[in-house]
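Colleague: I would like a close look at a single part of this predicted model, with the neighbouring parts brought in where they help. Please take your time over it.

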Amino acid sequence: MLLNFRKAGEGKPLVILHGLFGSADNWMGIAKDLSQHYTLYLVDQRNHGDSPHSDEWNYAVMADDLKELLDGEGLDTVYLMGHSMGGKTAMNFALKYPERVAKLVVADIAPRYYPVHHATILEGLNSLDFDQISSRKEADDQLAKFISELGIRQFLLKSLTRVDGKFAWKINLPVITEKIEIVGEALQGERTFEGPTLFMGGENSKYIQEKDREDMERFFPGHHLIFIKKAGHWLHAEQPEAVVETLKAFLG
């Protein structure tokens, strides 16, 4: 699948993959600083952003989507970073195509299985009737019945667009709803990625825990683990300067 992406900057290529319900635009806040040091490829994964929709949605095909993008851009090796779901895609890609990854950064996700915990969000997203909703304010009011946190609602509403004068989701909501369990799947197999790997967690997030070190060592024996202070799961939005400085120090 030919993915949509944004390209900016100069230097060694750095590919960034967003998380579930997100898009390339989620990383624009730190792109300006990073683009002074790297050629950025901010990618919309399939069924997200402006990339095509498909009934086929799993980490194997998302890793192959990324390979197709690198091949199309003539990129032999890249720095690769993924956040949350994007981190799982990045890990799967590095295990399958290790020769294409110079350094790997995994943001606030571990190789293990995660149980589904997005049921309320999906219920809220699916509750919006775009035949009845004519403004973003009305959409937000409806979502607020399910999701109290304003920041999460604002993040989700970034995936709203207009088609033929009516609101619609950019994300492929039916497929994501049906196949949500794939997002939490653990890494499988015996392959390892021997290259430099940084797991970057949020200090206030529970996505990376002490028990995850064994899996990190198993799949990524060259890994380091750090935590960004005063950051939760969306560490790049909460502590952008710290994330940028950490990336620059690791990638060089």
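Is Trp234 buried, partly exposed or exposed, and what is its relative accessible area? Please start there and go on to what surrounds that residue.

Modeller: Trp234 is partly exposed, because its relative accessible area is 32%, and a residue counts as buried only under 20% and as exposed only over 50%. As the model is predicted, this and every value below is computed from it.

Trp234 belongs to the loop between β9 (223–228) and α9 (235–238). There are nine aromatic pairs in the structure, and one of them joins Phe155 to Trp234 in a tilted arrangement, with 5.7 Å from centre to centre and 55° between the planes. The two partners come from distant parts of the chain, since Phe155 is in helix α6 and 79 residues separate it from Trp234. Phe155, for its part, is buried, because its relative accessible area of 15% falls under the 20% limit. This pair therefore sets a buried ring, that of Phe155, against one that is partly exposed, that of Trp234.

Trp234 also has a place in the largest pocket, where it is one of the residues that lie nearest the centre, together with His117, His118, Tyr207 and His233. Rolling a probe the size of a water molecule over the atoms shows where empty space is left. The largest pocket holds about 500 Å³ of space, and 33 residues line it. By class, 19 of the lining residues are nonpolar, 12 are polar and two are charged. Three helices, α3 (85–96), α4 (119–127) and α6 (150–157), each provide at least two residues of this lining, and α6 gives the most, with three. Helix α6 is thus named twice in this account, once for its share of the pocket lining and once as the helix that holds Phe155, the ring partner of Trp234.

From α6 one can go on to helix α5 (residues 136–143), where Asp140 lies. Leaving out residues up to four places away in sequence, Asp140 touches Arg153 and Leu157. Asp140 counts as buried because its relative accessible area is 15%. Its C-alpha atom is separated by 38 Å from that of Glu10, which is 130 residues away along the chain.

Strand β6 (residues 160–163) holds Leu160. At 4% relative accessibility Leu160 is buried, and beyond its neighbours within four places in sequence it is in contact with Phe130, Arg136, Ala139, Phe167, Ala168 and Trp169. Phe167, one of those contacts, also has Arg162 over its face, at 4.0 Å from the ring centre. A second arrangement of this kind involves Arg112, whose charged end sits over the ring of Tyr114, 4.1 Å from its centre. Elsewhere, ring pairs link Phe193, Phe199, Phe219 and Phe220 into a cluster.

Helix α4, one of the helices in the pocket lining, leads to Leu122 and from there to Ile176, as the C-alpha atoms of these two residues are separated by 8.7 Å although their positions lie 54 residues apart along the chain. Ile176 is in helix α7 (residues 173–178) and is buried, with a relative accessible area of 0%. Not counting residues up to four places away in sequence, Ile176 touches Leu20, Phe21, Asn47, His48, Trp57, Leu122 and Ile171.

Phe21, among those contacts, deserves a word on its backbone. Most residues other than glycine have a negative phi. Phe21, however, has a positive phi of about 70° and is not a glycine. It lies in the loop between β2 (12–17) and α1 (28–34) and is buried, at a relative accessible area of 4%. Ser84 likewise has a positive phi, near 55°, and its place is the loop between β4 (78–83) and α3. Ser84 counts as buried at 11% relative accessibility.

Key: Residues are numbered from 1 along each chain as its sequence is written. This is a predicted model: local features need pLDDT of at least 70, side-chain atom pairs count only at pLDDT 80 or more; totals for chains, interfaces and linings use all residues. Side-chain values use heavy atoms; hydrogens and water are left out. On a 1 Å grid over the protein atoms alone, a cavity is a set of points where a 1.4 Å probe fits but cannot get out, and a pocket is an open set with protein on both sides within 12 Å along at least five of seven lines; lining residues have an atom within 4 Å of a point. Grid points are joined across faces, edges and corners, and a volume is the space filled by probe spheres set on the points. Ala, Val, Leu, Ile, Met, Phe, Trp, Tyr, Cys and Pro count as nonpolar, Asp, Glu, Lys and Arg as charged, and the others, Gly among them, as polar. Rings of Phe, Tyr and Trp (its six-membered ring) pair if their centres lie within 6.5 Å; planes under 30 degrees apart count as stacked, over 60 as edge-to-face and the rest as tilted. Buried means under 20% relative accessible area, exposed over 50%, partly exposed in between (1.4 Å probe, protein chains only). A charge sits over a ring if NZ of Lys or CZ of Arg is within 6 Å of the ring centre and within 35 degrees of the ring normal. Contact means heavy atoms within 4.5 Å.
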